[in-house]
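This report looks at how strands, nonpolar residues and aromatic rings are arranged in one protein model. Please keep the sequence and the 3D view at hand while reading.

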Amino acid sequence: MNHLSRRIVLLAATGMALALPLAASAQAPNWAKVRVGVEGNYPPFSRLGADGKLSGFDIDIALAVCERIKAECTLVQQEWDGMIPALAARKFDMIVASMTISEERKKAVDFSDPYYDVPSRFVAKAGAFKDHTAADFKGKKIIVLRNSPRAKYLADRYKESDVLLVNKETDIYLELAAGRGDVGFGSSVVSSEAFLKKPEGKGFAQVGSTVRLEGGAGGVGIAFRKNEDALREKVNGALKAIKADGTYKRMAERYFDFDISGN
């Protein structure tokens, strides 16, 4: 992707991005320059390497979208829990960071069409539970990402379980491995790639079958400030184009051995 790299400027240091004057946030109507908020600590979707370079499926999506909308893009790394406030403060113009589309988040941001959707998964000590019913987890502590559709799913269905809310999805498995909870509930991809396939995941396993959240919850989109419809429509057009011409499939196959599109 060398032809893309010439058009992408990485601001790996958050402080550098904060130092940009607010005047720089003013955009021409055609969105010829766009700043993209990314996370960098959510493999295989995004990671920041020792060389300071970002990689992962989210990063590939961001670069492909920028190419299709013919925009000069800047990737701005941002801690996950500050993503939406930073978008509102015009630190960047859109978020490509595996942000699940939810009714609560729609109050603060607008979303593109979903660009991926994966099932959720409960993880616990191997053999600890037969299934993931409310009865199985009664009195147990379940770890989940705060302010997420999965947290709402637990609140609605596991009323007799304790819930430990964490700020990053990868923290679910750090807390689980440290014994501060009985069950983790998160993305099936992240639980596999960032935990179960790692040495720290030894002795842990998936509990029961994977879970599809109802009503399409779990679908992931690109987030924008409210009413910036011109940019959102450009991005939706780009997402359709990369799916139609096979670009999306080729990118996804670098990371996943199943259809992540949600189709």
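Is Tyr173 buried or exposed?

## A buried stacked pair

In this structure, which is a predicted model, Tyr173 has a relative accessible area of 3% and is therefore buried, since the cut-off for that term is under 20%. Phe195 is likewise buried, with a relative accessible area of 1%.

A search of the whole structure finds 19 aromatic pairs. In one of them, Tyr173 and Phe195 are stacked, with 5.3 Å from centre to centre and 25° between the planes. This pair links distant parts of the chain, given that Tyr173 belongs to helix 7 (residues 169–177) and Phe195 to helix 8 (residues 188–196), 22 residues apart.

## Strand 2 and its partners

Strand 2 (residues 33–38) is largely enclosed by the rest of the structure, because 5 of its 6 residues are buried. Strand 2 pairs in the parallel sense with strand 6 (residues 72–77) over 6 bridges, and within this pairing Lys33 stands opposite Glu72 of strand 6.

Strand 2 also pairs with strand 7 (residues 94–100), again in the parallel sense, over 2 bridges. Here Gly37 has Ile95 of strand 7 as its bridge partner.

## The nonpolar cores

The largest nonpolar core holds 48 residues, of which Val36, Phe57, Ile61, Tyr116 and Ile222 touch the most other members. Helix 3 (residues 57–68) provides the largest share of this core, namely 8 residues. Apart from this core lies another, of 15 residues, which includes Phe129, Phe137, Tyr153 and Phe185.

What does Ile61 touch, not counting residues up to four places away in sequence? With those neighbours left out, Ile61 touches Val96, Tyr115, Ile222, Leu239, Ile242, Tyr248 and Met251. One of these residues, Ile222, is itself listed with Ile61 among the core residues that touch the most other members.

## An aromatic cluster and a charge over a ring

Beyond the stacked pair described above, ring pairs link Tyr42, Phe45, Phe57, Tyr115, Tyr116, Tyr248, Tyr255 and Phe256 into a cluster. Phe57 and Tyr116 of this cluster also appear among the residues that touch the most other members of the largest nonpolar core, while Tyr115 and Tyr248 are among the residues that Ile61 touches.

Tyr248 has a further partner, in that the charged end of Lys243 sits over the ring of Tyr248, 5.0 Å from its centre.

Note on methods
Residues are numbered from 1 along each chain as its sequence is written. This is a predicted model: local features need pLDDT of at least 70, side-chain atom pairs count only at pLDDT 80 or more; totals for chains, interfaces and linings use all residues. Side-chain values use heavy atoms; hydrogens and water are left out. Buried means under 20% relative accessible area, exposed over 50%, partly exposed in between (1.4 Å probe, protein chains only). Helices (H or I, at least four residues) and strands (E, at least two) are DSSP runs, numbered from the N terminus. Two strands pair if DSSP finds at least two bridges between them. A nonpolar core is a set of buried Ala, Val, Leu, Ile, Met, Phe, Trp, Tyr and Cys residues joined through side-chain atoms within 4.5 Å. Contact means heavy atoms within 4.5 Å. Rings of Phe, Tyr and Trp (its six-membered ring) pair if their centres lie within 6.5 Å; planes under 30 degrees apart count as stacked, over 60 as edge-to-face and the rest as tilted. A charge sits over a ring if NZ of Lys or CZ of Arg is within 6 Å of the ring centre and within 35 degrees of the ring normal.
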